[in-house]
Amino acid sequence: MDASGRRGLTPRLPFFVYGTLRPGEPNHAAYLLGRVSTEEPAVLPGAALYEGPGYPYAVEDRASGPIRGELVTAVPAAHDPLLAALDLLEVYAPGDPRNLYERVVREVTRTADGSTVPAWVYVAAPRVAARLRASGTLIGGGDWTAARGDGGCFGG
């Protein structure tokens, strides 16, 4: 069963990225360049952003947020290979207790017009989220690139 609760079917949804997959960040060119049709500013409500070892973690928290990032839509032929590549990058395998992240479907809000769309989001896996809530460093403002002071162009 996938994160949307469907057996054997993985919806072709856009991705919400907030760290190293944002434009100008190290994984953007390696994973997204040439594979996406649109990238647009968006926010993820109900989540807090925490520092990780060179990349951020989104931790679900209804009282927090939003996290700033980009809504990335893959070109249709690239969606499934991109999903597989991002799962590897984010150390995610369905049902694996060693996951660093979980891939979930969440409503994301486009900054331009306030419309909401379902998107794939990689959030901290439960054990990682518990550790971050207990002793992690919260990124104020929910924007990883701005918090790093480099004014980067995207968050993913």
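Two strands count as paired if DSSP finds at least two bridges between them. In this predicted model, β1 (residues 15-17) and β7 (residues 116-124) meet that mark with 2 bridges, and they pair in the parallel sense. One of the residues involved is Phe15, whose bridge partner in β7 is Trp120. That pairing belongs to a closed barrel of 5 strands, which runs β1-β5-β2-β6-β7 with mixed pairing. Going round the barrel, the twist averages 45° from one strand to the next. Helix α2 (residues 79-89) packs on this sheet, where α2 touches β1, β5 (67-74), β6 (101-110) and β7. The direction of α2 makes about 30° with that of β7.

Strand β5 has partners on both sides. With β1 it runs antiparallel, joined by 3 bridges, and here Val17 has Glu70 of β5 as its bridge partner. With β2 (residues 36-44) the strand again runs antiparallel, this time over 8 bridges; in this pairing Val43 stands opposite Arg68 of β5. β5 is also mostly covered, with 6 of its 8 residues buried. As a general point, side chains in a regular strand alternate between the two faces of the sheet.

Back to the helix. The buried residues of α2 are His79, Leu82, Leu83, Ala85, Leu86 and Asp87. Their cover includes β1, α1 (26-32), β5, β6 and β7. An α-helix has 3.6 residues a turn, so residues three or four places apart point the same way. Just after α2, the chain reaches Val91, which takes a positive phi of about 55°.

His79 deserves a look of its own. This residue is found in helix α2, and its relative accessible area is just 3%, so His79 falls under the 20% cut-off and counts as buried. Leaving aside residues up to four places away in sequence, His79 touches Pro11, Arg12, Leu13, Phe15, Ala74 and Trp120. The side chain of His79 also makes a polar contact of 3.3 Å with the side chain of Asp80. Two of the residues that His79 touches, Phe15 and Trp120, are the bridge partners that link β1 to β7. Trp120 has a charged neighbour too: the charged end of Arg103 sits over the Trp120 ring, 4.5 Å from the ring centre.

What about the aromatic rings? A search of the whole structure turns up 4 aromatic pairs. In one of them, the rings of Tyr55 and Tyr57 have their centres 5.6 Å apart and their planes at 65°; because that angle is over 60 degrees, the pair is edge-to-face. Ring pairs also link Tyr55, Tyr57 and Tyr101 into a cluster. Is Tyr57 buried or exposed? Tyr57 is buried, with a relative accessible area of 3%, whereas Tyr55, at 24% relative accessibility, counts as partly exposed.

One last spot is Pro23, which lies in the loop between β1 and α1. At 18% relative accessibility Pro23 is under the 20% limit and therefore counts as buried. Pro23 and Gly69 are 46 residues apart in sequence, yet their C-alpha atoms are 9.9 Å apart in space.

Notes. Residues are numbered from 1 along each chain as its sequence is written. This is a predicted model: local features need pLDDT of at least 70, side-chain atom pairs count only at pLDDT 80 or more; totals for chains, interfaces and linings use all residues. Side-chain values use heavy atoms; hydrogens and water are left out. Helices (H or I, at least four residues) and strands (E, at least two) are DSSP runs, numbered from the N terminus. Axes are lines fitted to C-alpha atoms, for helices over the stretch in contact, and angles run from 0 to 180 degrees between N-to-C directions. Contact means heavy atoms within 4.5 Å. Rings of Phe, Tyr and Trp (its six-membered ring) pair if their centres lie within 6.5 Å; planes under 30 degrees apart count as stacked, over 60 as edge-to-face and the rest as tilted. Buried means under 20% relative accessible area, exposed over 50%, partly exposed in between (1.4 Å probe, protein chains only). A charge sits over a ring if NZ of Lys or CZ of Arg is within 6 Å of the ring centre and within 35 degrees of the ring normal. A polar contact is a pair of N or O atoms within 3.5 Å; within protein, one must be able to donate a hydrogen and the other to accept it, and residues adjacent in sequence count only if both atoms are side-chain atoms.
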